[in-house]
Protein chains: 4
Amino acid sequence: MTAALVMSLDQLQARLSRNHMAAWMGLSITSAAAGRIVLSAPWREEFISNPEHRFAHGGILATLLDTAGSYAVATRLGRPPQTIDMRVDYLRPAYEATLTVEATVFHYGRTVATVDAQVSNPDNLTLAVGRMVFLTADQRAGRPAS
Amino acid sequence: MTAALVMSLDQLQARLSRNHMAAWMGLSITSAAAGRIVLSAPWREEFISNPEHRFAHGGILATLLDTAGSYAVATRLGRPPQTIDMRVDYLRPAYEATLTVEATVFHYGRTVATVDAQVSNPDNLTLAVGRMVFLTADQRAGRPAS
Amino acid sequence: MTAALVMSLDQLQARLSRNHMAAWMGLSITSAAAGRIVLSAPWREEFISNPEHRFAHGGILATLLDTAGSYAVATRLGRPPQTIDMRVDYLRPAYEATLTVEATVFHYGRTVATVDAQVSNPDNLTLAVGRMVFLTADQRAGRPAS
Amino acid sequence: MTAALVMSLDQLQARLSRNHMAAWMGLSITSAAAGRIVLSAPWREEFISNPEHRFAHGGILATLLDTAGSYAVATRLGRPPQTIDMRVDYLRPAYEATLTVEATVFHYGRTVATVDAQVSNPDNLTLAVGRMVFLTADQRAGRPAS
């Protein structure tokens with residue numbers, strides 16, 4: 001992919017940190033390229049769903065996938081886009097550990113972009129995968145975004 | 001649906017309140033029947049994604065859909081099941097307000113259950129819809145759950 | 001829904017019959033309203049996936065869901081739109097019988113429309129359900145369709 | 001992936017050819033490994049959806065994705081499994097050409113397997129991608145398949 005990164009990593013991180021949910025989760029951008037981003041999330045006790053088995057709520061993994069997908073598009077669009085829809089497949093429980101989520105835009109169109117993302121643990125096991133469609137057109141005017 | 005509610009509303013709420021994420025979100029069960037549940041979520045500033053437009057992060061809506069879906073199955077299974085996969089469609093922004101999520105099991109099989117859920121605002125506008133598959137088989141033994 | 005039906009049932013059927021795949025399947029429109037359509041598909045031996053159990057291929061059910069979804073949007077848009085993405089949940093085998101598929105637009109936006117559809121057998125059992133997103137914007141100009 | 005191929009390519013092709021729909025589409029298996037399969041589909045005029053633009057119906061691409069996904073699981077399970085659910089993202093129109101579909105099992109569990117698949121044209125452009133969940137447990141007994 002030869003498209004340019006239209007926001008610097010610092011600009012992307014600044015924008016992400018203003019997102020209350022991302023700030024609460026302590027999300028930081030590890031790397032960014034055009035159409036690709038990696039985020040890191042330190043563990044929080046509030047992530048836990050099942051208190052005996054102590055794995056994270058599926059909603060936390062979905063939040064990571066959605067956020068990373070949106071910022072992967074932002075690297076090309078210049079702003080995080082609206083999510084149209086998302087599929088999440090849960091593969092393994094997310095136990096207490098820093099979680100990493102990586103997202104890649106695999107189809108960038110004038111109206112929508114299609115993105116794959118995956119959440120991994122420090123052992124590089126994939127815990128969940130997401131496939132998402134984001135709106136790249138300017139929704140107010142209904143015109144393409146760029 | 002003539003199946004019995006295998007956990008009382010108090011039992012369901014007690015189980016839900018032990019879920020750290022649900023507790024952080026302040027989720028309460030408004031009503032429960034066999035294969036159907038309604039949850040209520042008071043607003044939190046941490047839900048906000050876009051700080052100017054002040055709507056909730058899509059991950060919060062996904063968390064509500066997943067939680068309600070899981071507890072809709074729990075009304076029949078006796079415990080909240082694992083989520084296999086989830087689709088979320090985002091229809092409208094979720095602005096500051098108490099959010100309501102309703103989930104209904106529309107196919108309950110020996111191995112998986114299929115569930116629809118929707119998040120609404122106090123004006124009864126649907127903000128997001130989810131479709132989910134949960135594991136009803138006993139995963140340790142690989143036998144059906146009941 | 002108070003939107004008008006922008007194509008008559010005869011116009012919709014004429015358009016559908018020019019679709020080679022729909023013609024091969026013998027699809028006929030049973031009823032149409034703004035944002036809603038019902039199609040009927042007579043059985044064909046070629047639909048069969050498993051020759052012993054003689055149920056239809058999942059792809060046939062997906063084709064019915066996609067076609068009905070597209071024509072549900074066409075009742076408002078004036079033409080069958082492009083499908084952006086589709087989820088299909090398979091609930092029961094589709095044995096030899098006329099299949100009915102009903103689709104309803106539940107969110108019609110300037111850029112995309114979101115649609116639910118279900119395939120039923122003559123006993124009114126739901127065999128598969130679909131949720132789809134279609135492009136309502138004019139893709140050439142990237143402008144909204146209407 | 002070190003799992004063994006439990007059906008030979010000839011056995012897989014023999015089984016596939018007994019599937020009426022696959023036979024009608026003329027599907028042939030190009031290559032098979034444990035958890036991975038490639039199928040080829042010659043063009044048919046009946047695939048066409050839009051008679052002016054002459055691209056294939058989305059249902060044909062869904063049928064290819066579902067079939068390839070099922071046979072990717074069959075390489076490990078010894079039989080094509082039931083599809084639980086499928087997501088399809090349509091990326092580009094499928095114009096007249098031999099279509100290739102490749103599927104890979106990326107998570108194989110005792111109860112379900114999760115599979116990615118993509119349809120490509122002879123220029124190696126991806127036309128559609130699918131993500132599917134198949135039942136690997138023995139559904140009659142509700143026991144794991146192996």
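With how many C-beta neighbours inside 10 Å does Asn124(A) stand, and does that count as buried or exposed? Asn124(A) has 7 C-beta neighbours inside 10 Å and therefore counts as exposed, where a residue is buried if 20 or more other C-beta atoms, placed from the backbone, lie within 10 Å of its own, exposed if 12 or fewer, and partly exposed in between. The model is a predicted one, in which local features need pLDDT of at least 70 and side-chain atom pairs count only at pLDDT 80 or more, while totals for chains, interfaces and linings use all residues. Residues are numbered from 1 along each chain as its sequence is written, and chains are lettered from A and ligands numbered from 1 in the order in which they are written.

**The sheet across chains A and B**

- An open sheet of 12 antiparallel strands follows the order E1(A)-E2(A)-E6(A)-E7(A)-E8(A)-E5(A)-E5(B)-E8(B)-E7(B)-E6(B)-E2(B)-E1(B); strands (E, at least two residues) and helices (H or I, at least four) are DSSP runs numbered from the N terminus, and two strands pair if DSSP finds at least two bridges between them.
- Strand E1 (28–33) of chain A and strand E1 (28–33) of chain B are at the edges with a single partner strand each, so one side of each has no neighbour in the sheet.
- On average, neighbouring strands of this sheet are turned by 15° against each other, direction ignored, with axes being lines fitted to C-alpha atoms, for helices over the stretch in contact, and angles running from 0 to 180 degrees between N-to-C directions.
- Within chain A, strands E5 (residues 83–90) and E8 (residues 126–135) pair in the antiparallel sense over 7 bridges, and Tyr90(A) stands opposite Ala128(A) in E8(A).
- Between the chains, E5(A) and E5(B) run antiparallel and are joined by 5 bridges, with Asp85(B) in E5(B) as the bridge partner of Asp89(A).
- Helix H3 (residues 58–77) of chain A lies across E1, E2, E5, E6, E7 and E8 of chain A together with E5 of chain B, and runs at about 45° to E6(A).

**Symmetry and the A–B interface**

- Chain A is superposed on chain B by a rotation of 180° with 0.0 Å of shift along its axis, at an RMSD of 0.0 Å, the fit being by least squares on the C-alpha atoms of residues with pLDDT of at least 70 in both copies.
- The two copies are thus related as by a two-fold rotation axis, and Arg87(A) is the residue of chain A that comes closest to that axis, at 2.2 Å (C-alpha).
- In contact are 27 residues of chain A with 27 residues of chain B, contact meaning that C-beta atoms, placed from the backbone, lie within 7 Å.
- On the side of chain A that touches chain B, E5(A) gives the most, with 8 residues.

**Individual residues**

- Asn124(A), in the loop between E7 and E8 of chain A, has a positive phi near 65° although it is not a glycine.
- Arg54(A), in the loop between E3 and E4 of chain A, likewise has a positive phi, of about 55°, without being a glycine, and with 15 C-beta neighbours inside 10 Å it counts as partly exposed.
- Val133(B), found in strand E8 of chain B, is buried, with 27 other C-beta atoms within 10 Å.
- Leaving aside neighbours within four places in sequence, the contacts of Val133(B) include Ile84(B) and Val112(B), as well as Ile84(D) and Val133(D).

Key
Contact = placed C-beta atoms within 7 Å.
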